[in-house]
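Welcome, and please open your viewer. We will go from one selection to the next.

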Amino acid sequence: MGVTILAIESSCDDTSAAVVRDGYILSNLIAGQDIHMSYGGVVPELASRAHQANIVPVADQALKKAGVRVDEIDAVAFTQGPGLLGSLLVGTSFAKGFALACSIPLIEVNHLHAHVLAHFILEKDKENRVPSFPFLCLLVSGGHTRIIVLRSHFEMEILGNTIDDAAGEAFDKCGKLMDFPYPAGPVIDKLALEGNKKAFSFSKPSVKGLDFSFSGLKTSFLYFLRDRLKEDPEFIVKNKADLCASLQDTIINILIAKLIKASQITGIKEIGIAGGVSANSGLRNGLAREGEKRGWNLFLPPLIYTTDNAAMIGITGYYKYLRGDFSNQNVAPQARF
Ligand code: KG4
Ligand code: ZN
């Protein structure tokens, strides 16, 4: 039998466990935390408590769904960071205890590396397309916005980064201004489908090179709403769909323009997106159009592998296992890298 990895992800507000065998996903379970919805963001203390309650049942279900016994697991991989320290502690402690009890190797995984390697996840009975190297990837999540070149599974070069807010934060913070629950990204995506993206325009940043900035857009959106609400207190309610469509279009155009630039500079046409915001339908459609026009070999991850999931930790853990890249029991979670 091949290499079987149990993977744990607990960096933010999703408790996830997956079983990966030889790069194929056998199970991938995610327990979300609705408790944060009304707070407009993740409340760290509530998140770690929910992880504590969820971690054992989620891991147990992942093993059952995969049809794998505990003694068949060859190694346990877990998210070391970046993320919320209290949340990471729960997954790290579980993984350490599991590895110790089963006398198997422990593998620490960088959450951002895992988002990118999600493109290498294999699924049974599916046509599995995986990128070849060099691979240019736009990583867009709640905490990060980066353009990365992957030259092998382990050689990564960051070409561009956000200098302030992440794209996901722009969605979430602007959504909060419209009184949407957290996370607002999926809500805006849905409402945008019925709106006119040309209805309103917001300021676009001018940032050098391949870096990003989203805090100016958030401020411009805030002032725009404040002025319009003075004239009409019902402004947001009456214009929800158009506001979402226009805001989303602005964010997407910023992202796509930089990705095109990165492709032109590097000459790389093997291109993908990763992270929670890569679930956005406008971004996916926009990139599909650009990719077609520019002859890109485009990789849009299945939706389940865009937002936080343990399958991506499992695939990264699998590649680290093949290199014999293991952690010891002194490994500690890291909120930042
Ligand atoms: O990767 P992820 O699950 O967690 C982090 O590592 O940050 O990303 C979460 C982010 C949130 O900001 C959420 O609003 C955003 O991804 N998101 C979306 C969509 N689905 C999730 N943003 C725009 N459109 C979506 N469909
Ligand atoms: Zn993430």
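How do the residues of the shell around ligand 1 divide into nonpolar, polar and charged? Select that shell: five are nonpolar, eleven polar and three charged. Here Ala, Val, Leu, Ile, Met, Phe, Trp, Tyr, Cys and Pro count as nonpolar, Asp, Glu, Lys and Arg as charged, and the others, Gly among them, as polar.

A word on conventions before we go on. This is a predicted model, in which local features need pLDDT of at least 70 and side-chain atom pairs count only at pLDDT 80 or more, while totals for chains, interfaces and linings use all residues. Residues are numbered from 1 along each chain as its sequence is written, chains are lettered from A and ligands numbered from 1 in the order in which they are written, and side-chain values use heavy atoms, with hydrogens and water left out.

**Stop 1: the ligand**

Stay with ligand 1 and its 19 surrounding residues, of which Gly142, Asp172, Asp189, Gly276 and Asn280 come nearest (a residue is near if one of its heavy atoms lies within 4 Å). Now look at some N and O pairs (a polar contact is a pair of N or O atoms within 3.5 Å; within protein, one must be able to donate a hydrogen and the other to accept it, and residues adjacent in sequence count only if both atoms are side-chain atoms). Pick Asp189: one of its polar side-chain atoms is 2.9 Å from a nitrogen atom of ligand 1. At Gly276, a polar backbone atom lies 2.9 Å from a ligand 1 oxygen atom. For Asn280, go to the side chain, where an N or O atom is 3.0 Å from a nitrogen atom of ligand 1.

Next, colour helices H3 (111–117), H4 (167–177) and H5 (185–192), the elements that give two or more residues to the shell around ligand 1 (helices, H or I of at least four residues, and strands, E of at least two, are DSSP runs numbered from the N terminus).

**Stop 2: the two domains**

Colour domain 1 (4–126 + 308–322) and domain 2 (135–267) separately; the bounds come from an automatic or database domain assignment. Ligand 1 lies between these domains because both give residues to its shell. Their C-alpha centres are 28 Å apart.

**Stop 3: two cis peptide bonds**

Zoom to Gly81 and Pro82, joined by a cis peptide bond with omega about -5°. Pro82 sits in the loop between strand E4 (75–81) and helix H2 (85–102). Then move to the cis bond from Phe133 to Pro134, with omega near -5°.
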